[in-house]
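Me: I am new to this structure and would appreciate a close look at a single part of it. Please begin with one residue pair and then work outward to its surroundings.

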Amino acid sequence: MTRQRYEPRPLPEQVIVVAFPDAWSQSSWPSGAPQPDGDFFVVQANSQEVVLPRHVIDWLTLHAPTPLGTDISRVDYLAQTNVQGKRSLVAPVIVKGKSYEVTFIQQPGDLVQDELARTLNCPLNLDCQIAVGFVANLIQKIPVPPIKYIVLLIAMLAILVLAGIVMALRQAFAGVPEPRPLSTDIHGVPIVIVPGIPVPFALPTKAIAAEDQTIGLQAARAIYWLAKLAL
């Protein structure tokens with residue numbers, strides 16, 4: 001019996017895609033250094049022999065093949081950010097007249113976004129609650145209303161200054177990463193400072209490090225509870 005000759009597959013059968021393809025842009029690159037290459041897969045054929053029947057498939061965009069050398073080419077691809085669970089799709093590729101399928105599997109990003117929402121909505125820890133309650137109790141005992149309001153205002157400003165100092169100290173340590181949110185989609189979960197009332201401005205934001213946003217929200221919650229308990 002004659003055996004069929006095995007023909008090696010000229011392209012990968014499966015490609016794993018990260019959930020946040022643009023996360024690399026948060027890294028600082030040396031001045032004048034070129035940005036890193038985008039995502040691609042290699043095909044063992046000349047670029048003229050590679051045909052992509054569909055360049056846009058749902059959340060994936062495939063670019064025209066480009067040559068890498070003799071009988072080898074690359075196909076660049078760009079995936080959209082995935083803030084949901086793991087997803088996949090199949091992309092058809094024709095190499096030397098023969099049809100192949102490449103399965104793209106994108107990692108889930110829902111856990112990252114859920115954790116971001118949980119962190120931003122984190123209530124004051126026990127130590128902060130005790131400190132705020134202690135200061136509020138002292139302010140409450142001041143018998144003269146004008147003085148009480150002045151002391152309360154000074155305490156609020158002190159909380160803001162303390163939050164600024166904590167942010168500055170974090171940025172002073174070069175080894176501490178300060179990533180910004182990779183996506184602002186937190187699945188519709190509202191960010192709350194005053195119980196039952198979501199913040200009137202858009203949070204999270206990509207412009208500020210996630211740690212700084214958390215510290216700022218904690219300071220706002222401390223000020224709210226201080227005022228509520230002292231008055």
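Reply: Gln14 stands opposite Thr103 in strand S9. The model is a predicted one, and every statement here should be read in that light. The strand that faces S9 at this place is S1: S1 and S9, the latter covering residues 98-106, pair in the parallel sense over 4 bridges. Both strands belong to an open sheet of 4 strands, whose order is S1-S9-S8-S3 and whose pairing is mixed. The edges of this sheet are formed by S1 (14-17) and S3 (50-51), each of which pairs on one side only.

Beyond the sheet, helix H4, which spans residues 210-230, contains Arg221. Arg221 is buried and yet forms no salt bridge; Glu115, the nearest side chain of opposite charge, is 13 Å away. The side chain of Arg221 does reach the backbone oxygen of Leu120, at 2.5 Å. Leaving aside residues up to four places away in sequence, Arg221 touches Leu120, Asn121, Cys122 and Leu124, together with Val192 and Ile193.

A further residue to consider is Leu160, which lies in helix H3 (residues 145-172). Because its relative accessibility is 47%, Leu160 counts as partly exposed, whereas Arg221 is buried. Along the chain, Leu160 and Ala219 are 59 residues apart, while their C-alpha atoms are separated by 6.4 Å.

Notes. Residues numbered from 1 in each chain as written. Predicted model: local features only at pLDDT ≥ 70, side-chain atom pairs only at ≥ 80, totals over all residues. Heavy atoms only, no water. Pairing = 2+ DSSP bridges. Helix = DSSP H or I, 4+ residues; strand = E, 2+ residues; numbered from the N terminus. Buried < 20%, exposed > 50% of the residue type's maximum accessible area, 1.4 Å probe, protein only. Lys, Arg positive; Asp, Glu negative; His and termini not counted. Salt bridge = Lys/Arg side-chain N within 4 Å of Asp/Glu carboxyl O. Polar contact = N/O pair within 3.5 Å; in protein donor to acceptor, adjacent residues only side chain to side chain. Contact = heavy atoms within 4.5 Å.
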